[in-house]
Structures are given as C-alpha cells and as structure tokens.
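Please open the structure in your viewer with the sequence panel beside it, and keep a selection tool at hand. The tour below moves from one selection to the next and says what is found at each stop.

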Amino acid sequence: MVDFEIVELPDHDAPAVGDTAPDFTRPLVEDEYWEDASLSDLTDDGPVLLVFHTMDGAFPATYIWNNLRDRGVPDDIQAVGVSISSPYEHKTFLAERGVDAKFFSDPAAGIATEYGIENDLDDMAGITEHRPAVFLLDESREIQYRWVAEEWPDFPDYDEVAAAVSDP
Amino acid sequence: MSDDQPAITLYRLQACPFCERVVRVLEEKGLDYHSRFVEPMHSDRDVVKRISGKRTVPAIVDENTGVTMSESANIVEYLENTYEGAA
C-alpha cells in the first residue's frame, strides 16, 4: 500500500441496513438496448446487488466490476450498477468487461442525492457523481448489507460482498 | 421488464427521424408505449433482427394484436388502421 494518508471523504447520509432503499426510474442498459425501468421492477424479480460506482472510464469502476465478475457475484444475484455515464458508455463497458449486469444511467446524479452519496469531483466543474457504495436488497428493497466508500479511492471487501450475496 | 409494461414496444434510435415520426403518431393517438433504445451501429442491432427479421428501426411489437413490423410508413399506416378511433 501507499505510505501516506488516503484522502478521506466527508460524512455521507446513505440509508442503513434495515432501511428501505429509495425507488427510482432511469434508463436501464442491458447488452442489447436500454429502456426506462425502476429499481422496484428488478427487486420484484428477486434480490438485487445495487452498486454505485464512478463514471465508467475511471479505474475504480473497472476494478469493482472485474472483482465482482471474477467472484461470480453476477451469476448469483441480479447485479445492477449506477453511474453518471451515458447509456452508450454503459453498453461499451458491459461488452468490453464481459460483465453480466445491467447499469442504470443517472447523468445528473439525482439518485446520488436521493441516497445521500453525492461526490462532487474536484476540479471537474459541474460534475457530481455517486460515491462508490454497495447495497444488497431483498425483494422488498430492504437493505441487507451496505458498504459506502470512506476514502478516495476506496473499495468494498469483495469477499464480504460475495458472502452476503450467497447468504440469503 | 415489469408486468404492467404497455402493450406496444418501440425499438428506436435516439434522434432517428423515422422513429420520431412513429412516436408522433403514437402520441397523437394517446397510445401507451415504451421505448427500447438500440445502437446506432447497424450490425449491433441483433435484438431488432431477432424480433422483426431485419436490423432497421423503427420497429414495433404490439401485444394487443400480436403484430411485429418495421418501416415507419408501414407502422404509421398500421397504427392509423388499427387504432382508428383512438385519442
């Protein structure tokens, strides 16, 4: 690791384990097309691992999804990403990384506000994105597991996430 | 996606004038529809090919009648004839 202090992120206001995750509707990108969909449409079909990440080109998005993919997490649960990237970038990312997931596109970061996880990017004027965070939701959108980035950058404990997903 | 999805699905490309022509008719008639946006790159539109037999958009799937079709002029004519009294 590095021999200096990683920059800390300010306090967040994310919903906690036991809370109901706020519902929202945004374009949901699959491998072949995108269409408006709600989080609740997905949880109606079963548990969801909701992963907020940096815009698609930034390396944390790649790290997080490669690690989840390599642990087979998207095979065990509906894995759903959210970032400010456009549907076009999402399609490219999913295809290039071979990730079996669906991504919501939230360019204005309204869902970040809703979830209390806004991350205003330093010296990228006008750009707010989602602070990296992971929520495991059951069919009623109740939060079963939560991780929210404390530092910049910060990454979830992937084994812990995989264990939470496989422990119904 | 969900069970309460509208019966008409429109496969479209952002800013495609032929697609917008169909949207205008759907809206004039007050028909419920939902859109699936596909890639500009023709060769990447396998989903459209699977449902309609070709990769062109617009294409619609109308579960009210079981009809799937492409070509905006055909779709407009179909909508005019099928939903004559609508809106």
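## Stop 1: a covered strand in chain B

Begin by selecting residues 8-12 of chain B, which form strand β1(B), a mostly covered strand in which five of the five residues are buried. Please keep in mind throughout that this is a predicted model. In a regular strand the side chains alternate between the two faces of the sheet. Turn on the side chains here, and B:Ile8, B:Leu10 and B:Arg12 will be seen to point one way from β1(B), while B:Thr9 and B:Tyr11 point the other way, with all of them buried.

Next, add β2(B) to the selection, since it is joined to β1(B) by five bridges and the two strands run parallel. To follow one of these pairings, pick B:Ile8 and look across to B:Tyr33, its bridge partner in β2(B).

## Stop 2: where the chains meet

Which element gives the most to the side of chain B that touches chain A? Select the contact as a whole before answering: ten residues come from chain B and ten residues from chain A. On the chain B side, the elements that give two or more residues are β2 (33-37) and α2, and β2(B) gives the most, with four residues. Colouring that side by class shows four nonpolar, three polar and three charged residues.

If you colour by confidence at this point, chain B averages a pLDDT of 92, with 94% of the residues scoring at least 70. Within chain B, confidence is lowest in α2(B), at a mean of 94, and highest in β3(B), at 98. For the model, the scores are ipTM 0.86 and pTM 0.92.

## Stop 3: helix α2 of chain A

Now move to chain A and select residues 59-70, the twelve residues of helix α2, which reaches 16 Å from its first C-alpha to its last, close to the 16 Å expected at 1.5 Å a residue. Its buried residues are A:Ala61, A:Ile64, A:Trp65 and A:Leu68. Looking down the axis of α2(A), you will find these buried residues within an arc of 90 degrees, so they line one face of the helix. An α-helix has 3.6 residues a turn, so residues three or four places apart point the same way. The face turned away from the buried side of α2(A) carries the exposed residues A:Phe59 and A:Asp70.

To see what covers the buried residues of α2(A), display chain A around them: the covering elements include β4 (48-52), α3 (73-76), β5 (78-83), α4 (87-97) and α6 (158-166).

Zoom in on A:Ile64, which sits in helix α2 of chain A and counts as buried because 23 C-beta neighbours lie inside 10 Å. Not counting residues up to four places away in sequence, A:Ile64 touches A:Val51, A:His53, A:Pro132 and A:Phe155.

Then step back to A:Asp56, in the loop between β4 and α2 of chain A. Is A:Asp56 buried or exposed? A:Asp56 is buried, with 24 other C-beta atoms within 10 Å. Leaving aside its neighbours within four places in sequence, its contacts are A:Ala61, A:Ser83, A:Ser85, A:Glu89, A:His90 and A:Phe93.

## Stop 4: backbone details

Most residues other than glycine have a negative phi, and most peptide bonds are trans. With that in mind, select A:Asp123, in the loop between β7 (118-120) and β8 (128-130) of chain A, where phi is near 60 degrees, a positive value in a residue other than glycine. A:Asp123 is exposed, with 5 other C-beta atoms within 10 Å.

In chain B, select B:Glu71, in the loop between β4 (67-70) and α3 (72-82); B:Glu71 has a positive phi of about 75 degrees although it is not a glycine. B:Glu71 is partly exposed, with 17 other C-beta atoms within 10 Å.

Finish with two peptide bonds. The bond from A:Trp152 to A:Pro153 is cis, with omega near 5 degrees, and A:Pro153 lies in the loop between β11 (151-152) and α6 of chain A. The bond from B:Val57 to B:Pro58 is also cis, with omega near 5 degrees, and B:Pro58 lies in the loop between α2 (46-52) and β3 (59-62) of chain B.

Conventions: Residues are numbered from 1 along each chain as its sequence is written. Chains are lettered from A and ligands numbered from 1 in the order in which they are written. This is a predicted model: local features need pLDDT of at least 70, side-chain atom pairs count only at pLDDT 80 or more; totals for chains, interfaces and linings use all residues. The expected span of a helix is 1.5 Å times one less than its number of residues. A residue is buried if 20 or more other C-beta atoms lie within 10 Å of its own, exposed if 12 or fewer, and partly exposed in between; C-beta atoms are placed from the backbone. The arc is that of the directions from the helix axis to the C-beta atoms. Two residues are in contact if their C-beta atoms, placed from the backbone, lie within 7 Å. Ala, Val, Leu, Ile, Met, Phe, Trp, Tyr, Cys and Pro count as nonpolar, Asp, Glu, Lys and Arg as charged, and the others, Gly among them, as polar. pLDDT is the predictor's confidence in each residue, from 0 to 100. Two strands pair if DSSP finds at least two bridges between them.
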